[in-house]
Amino acid sequence: MKKTYAFIFLSIIVAIAAFIIISTRSADNQDDSMIKMRIGWQIPWAVEGQLTQILKHTSLLADNGLEGEFKGFSYGGPLNEAALAGDLDVIFTADQPAATLLAKTPRWVIIGRLMYNRVSLYVPPLSPVNSVADLQGKTVAMPFGAAAQRMALKAEQDAGLDPKSDVNNINLGIYEQSDLVRDPKAIKWGDIDAMAGFDPTPAIFEEKGLIKNLQVGKVVSVIMMSEDFINKNPSAPAKFLQAFYSAYDFYRNNTEQANQWFIEEAKLDITPKALEIAASLEPNLNSENNSIRIDFNDDDYKIMQEAADFIYDQELVEKRVTMKDYVDSSYVKHISDNNK
């Protein structure tokens, strides 16, 4: 009898052990089926920040067989360094940093359009400067190397000014502007007559009535994926873009929640109205627009090439990049066909 009980007990132990092994293997197989990716994003960047938060807080990546590890950066420079070091598989970046990365390595692919975002040229509310042409002989501060500089110099040229002789263009970081732009009754900011910057900073100024815009330009920001990662995971680009497409749909239907997630992590002193201003150029967030577009049109390619030409002409890179050569639109086409 004791032998019988011992046999039964041993059988139960074996069965439990077998169940645990099978369950563990099943869980391992399930984990193995998920494509793991390291996603580089920029923490204080409006619209991009909300889309990232949606991917972080929802199941959209998992629903498409993806598992994301999010790595946040303060701006595009460190993001590019991490990409060059092989520490990232996907990055969210603007046209100029994208061109800079491609000038240093051809091993990245632009798989889709991230968003449109604003760059602005602005003056104090009570400034006598009312047009770009009025900047002749004036001092204009801007972050050198950024898209805001590109837009400001082009605006000056288009107004018939020579940026090298007619205007005193000086370097000023975007975060340093907040220390100067505080008075809604200002005529000048110290020795500075005008500034150029990129959102969300100008959007915050605008919402508070601290500036008046002379000109607003558009940056084409992109989603890039490592070519090595694509070779190892051929289905990853289409799966990621499907999740990203759904993130836009979530954003425009849950704007308040997306904004709150962004504000909490970015730790910005920003209002919903300022975020609305920052998002004003992005058609995917227009409530009257039923479609979502994450591919590129001819105007997008023109702007992206202007970015690549600018950094080459400014001698910021040693190689001129043809941006369209690094765009693979096949993945977006697949997503667009699936979502018709």
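A pocket, as used here, is an open set of grid points with protein on both sides within 12 Å along at least five of seven lines, and its lining residues have an atom within 4 Å of a point. The model is predicted.

**Exercise 1. Describe the largest pocket: its volume, its lining and the elements that supply it.**

Step 1. Start with the volume. The largest pocket has about 1100 Å³.

Step 2. Turn to the lining. It consists of 42 residues. Nearest the pocket centre lie Tyr75, Gly76, Ala146, Ile174 and Phe198.

Step 3. Assign the lining to elements. Helix H4 (76–84), helix H5 (95–104), S4 and helix H7 (201–207) each give two or more residues. H4 supplies the largest share, six residues.

**Exercise 2. Find out how far H5 is covered, and by which elements.**

Step 1. Apply the cut-off. A residue is buried under 20% relative accessible area.

Step 2. Count. Eight of the ten residues of H5 are buried, so the helix is mostly covered.

Step 3. Name them. The buried residues are Asp95, Gln96, Ala98, Ala99, Thr100, Leu101, Leu102 and Ala103.

Step 4. List the packing partners. The buried residues of H5 pack against H4, S3, S4, H6, S8 and helix H12 (298–313).

**Exercise 3. Lay out the open sheet and locate its edges.**

Step 1. Write the strand order. Eight strands run S2-S1-S3-S8-S4-S7-S5-S6, with mixed pairing.

Step 2. Read off the ends. Strand S2 (66–73) and strand S6 (168–171) stand at the edges. Each has a single partner strand, so one side of each lacks a neighbour in the sheet.

Step 3. Add the twist. From one strand to the next it averages 20 degrees.

Step 4. Check the parallel pair at the S2 edge. Strand S1 (residues 35–42) runs parallel to S2, joined by eight bridges. Isoleucine 39 has phenylalanine 70 in S2 as its bridge partner.

**Exercise 4. Work out how S7 sits between its partners.**

Step 1. Take S4. It runs antiparallel to S7, and four bridges join the two. Tyrosine 122 stands opposite methionine 195 in S7.

Step 2. Take S5. It pairs with S7 in the parallel sense over two bridges. Here valine 140 stands opposite alanine 194 in S7.

Step 3. Draw the conclusion. Four of the five S7 residues are buried, so the rest of the structure largely encloses this strand.

**Exercise 5. Place helices H6 and H9 relative to the sheet.**

Step 1. H6 (residues 147–158) lies across strand S4 (108–123), strand S5 (139–142), S6, strand S7 (194–198) and strand S8 (212–226). It runs at about 55 degrees to S4.

Step 2. H9 (residues 236–253) lies across S1, S2, strand S3 (90–93), S4 and S8. Its angle to S4 is about 40 degrees.

**Exercise 6. Identify the nonpolar cores, then examine valine 332.**

Step 1. Recall the background. Nonpolar side chains tend to be buried together in soluble globular proteins.

Step 2. Take the largest core. It holds 90 residues, of which Phe92, Leu121, Phe240 and Phe244 touch the most other members. A second, separate core has twelve residues, including Ala186, Ile192, Leu210 and Ile211.

Step 3. Locate valine 332. It belongs to helix H13 (residues 330–338). Its relative accessibility is 3%, so it counts as buried.

Step 4. List its contacts. Beyond neighbours within four places in sequence, valine 332 touches Ile111, Gly112, Leu241, Ile294 and Asp295.

Step 5. Compare sequence and space. Isoleucine 294 is 38 residues from valine 332 along the chain, yet their C-alpha atoms are separated by 6.9 Å.

Terms used: Residues numbered from 1 in each chain as written. Predicted model: local features only at pLDDT ≥ 70, side-chain atom pairs only at ≥ 80, totals over all residues. Heavy atoms only, no water. Core = buried A, V, L, I, M, F, W, Y, C linked by side-chain atoms within 4.5 Å. Buried < 20%, exposed > 50% of the residue type's maximum accessible area, 1.4 Å probe, protein only. Pairing = 2+ DSSP bridges. Axes fitted to C-alpha atoms, helices over the stretch in contact; angles between N-to-C directions. Contact = heavy atoms within 4.5 Å. 1 Å grid on protein atoms, 1.4 Å probe; cavity = no way out; pocket = protein on both sides within 12 Å on 5 of 7 lines; lining within 4 Å. Points joined across faces, edges and corners; volume = space filled by probe spheres on them.
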